[in-house]
Amino acid sequence: MSTFDNPFDPARRLRNGACSCGQHASQSEHEATLQLSCDIPATEDKRYEGVVASAVMRAVFPKEIARRAFLKSVGASSALAALSQFFPIKTATEVFAQGAGKLEKTDLKVGFIPITCATPIIMADPLGFYKKQGLNVDVVKTAGWAVIRDKTINKEYDAAHMLAPMPIAISLGLGSQPIPYTVPAIENINGQGITLAMKHKDKRDPRDWKGFKLAIPFDYSMHNYLLRYYLAEHGIDPDTDVQLRSVPPPEMVANLRADNIDGFLAPDNICQRAIYDGVGFMHILSKEIWDGHPCCSFAASKEFITTSPNSFAALTRAIVDATAYASKAENRKSIAEAIAPAAYLNAPPVVLEQVLTGTYADGLGGIKTDAKRVDFDPFPWQSFAVWMMTQMQRWGQIKGDVDYKGVAEQIYLATDTAKVMKEMGLSPPATSYKSFAVMGKSFDPEKPKEYLASFKIRKAT
Amino acid sequence: MTFSLRFRAAVVSIAIFLAFIGVWHLATRQTASVGTMSPEYAKLMGLTATSGKSAMPGPLDVGAKLWEHLKRPFYDNGPNDKGLGIQLAYSIGRVGLGYLIAVIVAIPLGFLIGMSPLMNKALDPFIQVLKPISPLAWMPLALYTIKDSSLSAIFVIFICSVWPMLLNTAFGVAAVRKEWINVARTLEVGTFRRAFTVILPAAAPTILTGMRISIGIAWLVIVAAEMLVGGTGIGYFVWNEWNNLSITNVIIAILMIGIVGMLLDQILARFTRMVTFPE
């Protein structure tokens, strides 16, 4: 269940993996059968209350079954009443919405890369989410991931849009000197796809892809790990059977047109742009590899958090609030319009609309619909970080032993707002690890070593 | 009757230009329509996919877009979207500053090297090693140590435009006729006075040639530097439009970069003519 779903709905799950009743492969299938409409709260007060209530419910009922049984027996309204008895949800919501202390710094700079993953960071500016928190934020378009990293380290940016594994890589000192970074919120989940050149439209089985040249945006990215995972599951060794290249997203489309590469795993707006320009087609969405996978993160250095805790809290609230707004299907069209201008994504609105609403041309003449093509859920599950570290090890980016939990807990500030909530007297969720399935294979965050050992294809180290 | 050479050259220039535009227009014309697709599907696709429009813009597209830019060159929509005029101004500002620092460093140092054979020999290996380094190779180092992207861009301009000025100044100073210096010596002119009244005017044309080469290099470098660090400037504009795969805007930016580069070069050329003297 997403942070923004109604926690008092017994039919919804608090955690991902299969569906809530257990009879369907996925939650979306389950919902399609039951015609369940998930009523996400409309007003912002309600939205905040939802975030707080979710956290409280997670804390009170760490076990999914117990929560469901409790809700089934007493009903949602009495559950809310009972919970309010010993936890002041209303007050907590007010504190969450308003913030606790005086802002140390109101003029902030946040860097972003122009892709749809940055949607919450970007839209918070034109739609006024930063202003609501009393912040004057400049969102600054940045030329590349390495520049984002350097500008955040140089303190030109107070916080930035980063690929979810980047803060781990930076904190561990992979590709740079180690600097403590944190992820207070995940920017988006899903929202990537594998796009292939038109000439491969009959080669839909990855087993036929030997010798392909495929592009990814950055080495420390979910794109890299997901593509490698997908290839390896189909018996293709990503290090020897295909060529993986790090290519900036706009060059991916140009290279695909020029026939220099056979395909890429990239952010949805780049995939859709290739389709829009008629140079490629959508092979699969990344959510078909791992439904609910994290993609980009909202990152800040530990230093910013310690020197300006209140500003950091306000910023995180603005991001969480924007993420909540973005998670609602009915807002997606207006968001696409808000972030399309040259100052933000600088892309044709029709492309962004297809990405955000999930009704899109697949490049082969068909129109597909998947409302969760890209979705927004800020909770930085520490198990996500653990999974990423298993993949960093699997492909030889980290050598030797890893203190999975230690690193995950330092970097992924569990609750999208763990720190924020704690400062406001809230108890963060009891658990910040959840298991999930990647291509049908379940991942137990308690046993990363066993998980790593279970892969046949991996770099021998 | 015969026309002046100037007039005939202008006619040929215009003819070449028109031929170029004509070929460009023909090459990027809309090709035949591509297959049939349902109207709903077509609505989600771009013109290249639906009507076979060339991926390369034609001269008319570029002209229309250029007119749009020229109509409002100084608009400012926040940190990421500014008019072409503002972007160019940022770039020129950076180039000007980096170049100025290079002048301040290179000319006195060039004098020193030119006047002292010892320093010439001693510094030569360093200059030879540093001179061929590409501007972009400096960028990560600059970002990492200076810790400010704007200053890093200026530093890169400086480090790349300093060498031609330095070498030309040194060469010009060393090549001043011995007779002139000897005359100054017999008149018991001091070192500083000799440098300013005899050597500087004599070496000025060579020095300015170095400065002219340098401004060209500085302008070459700024585009690459701004593409790398982003933020503002014409290089950032190119990167931003490349992100949007808007080849039209990229072409416009290239045109603008060329024109500004030419103007900068012409200004220096005029200065060079001013200090050149007949022997």
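## Two chains and two sheets

Chain A and chain B bury about 2900 Å² between them, and 56% of that area lies on carbon and sulfur atoms. Keep in mind as you look around that this is a predicted model.

Let us stay at the interface for a moment. On one side, 39 residues of chain A take part, in contact with 31 residues of chain B. What does the rule find across this interface in the way of salt bridges? The count for chain A and chain B is zero salt bridges. Polar contacts do occur there: 16 residue pairs, with both residues at pLDDT 80 or more, are found across the interface of chain A and chain B.

Which parts of chain A supply at least two residues each to the side that touches chain B? They are strand 2 (136-141), helix 8 (145-153), helix 11 (249-257), helix 12 (268-276), helix 16 (349-357) and strand 12 (359-361) of chain A. Helix 11 of chain A gives the most, with five residues. Sorted by class, the side of chain A that touches chain B has 20 nonpolar, nine polar and 10 charged residues.

Now turn to the sheets of chain A. The table sets two of them side by side.

| Strand order (chain A) | Sheet and pairing | Edge strands (chain A) | Average turn between neighbouring strands, direction ignored |
|---|---|---|---|
| 8-7-9-6-10 | five strands, open, mixed | strand 8 (243-246) and strand 10 (280-285) | 25° |
| 2-1-3-11-4 | five strands, open, mixed | strand 2 and strand 4 (181-186) | 30° |

In the sheet with the order 8-7-9-6-10, strand 7 (residues 213-216) and strand 8 of chain A pair in the parallel sense over four bridges. Within this pairing, Ala215(A) stands opposite Arg245(A) in strand 8 of chain A.

Two helices can be placed against these strands. Helix 11 of chain A, the element that gives the most to the side touching chain B, lies across strand 6 (192-197), strand 7, strand 9 (263-267) and strand 10 of chain A. Its direction is at about 155° to strand 9 of chain A. Helix 12 of chain A packs on the sheet too, touching strand 6, strand 9 and strand 10 of chain A. The direction of helix 12 makes about 130° with that of strand 9 of chain A.

In the sheet with the order 2-1-3-11-4, strand 1 (residues 107-112) and strand 2 of chain A run parallel and are joined by six bridges. Here Phe112(A) has Lys141(A), in strand 2 of chain A, as its bridge partner. Strand 2 of chain A is an edge strand, pairing on one side only, and is also among the elements that supply residues to the side touching chain B.

Finally, look at the charged pairs. Over all chains, the structure holds 21 salt bridges. One of them joins the side chains of Lys105(A) and Asp158(A), at 2.5 Å from N to O. Where do these two residues sit? Lys105(A) is in the loop between helix 5 (89-98) and strand 1 of chain A, while Asp158(A) is in the loop between helix 8 and strand 3 (159-163) of chain A. The pair links distant parts of the chain, 53 residues apart.

Conventions. Residues numbered from 1 in each chain as written. Chains lettered and ligands numbered in written order. Predicted model: local features only at pLDDT ≥ 70, side-chain atom pairs only at ≥ 80, totals over all residues. Heavy atoms only, no water. Contact = heavy atoms within 4.5 Å. Buried area = accessible area lost by both parts, 1.4 Å probe. Salt bridge = Lys/Arg side-chain N within 4 Å of Asp/Glu carboxyl O. Polar contact = N/O pair within 3.5 Å; in protein donor to acceptor, adjacent residues only side chain to side chain. Nonpolar A, V, L, I, M, F, W, Y, C, P; charged D, E, K, R; others polar. Pairing = 2+ DSSP bridges. Axes fitted to C-alpha atoms, helices over the stretch in contact; angles between N-to-C directions.
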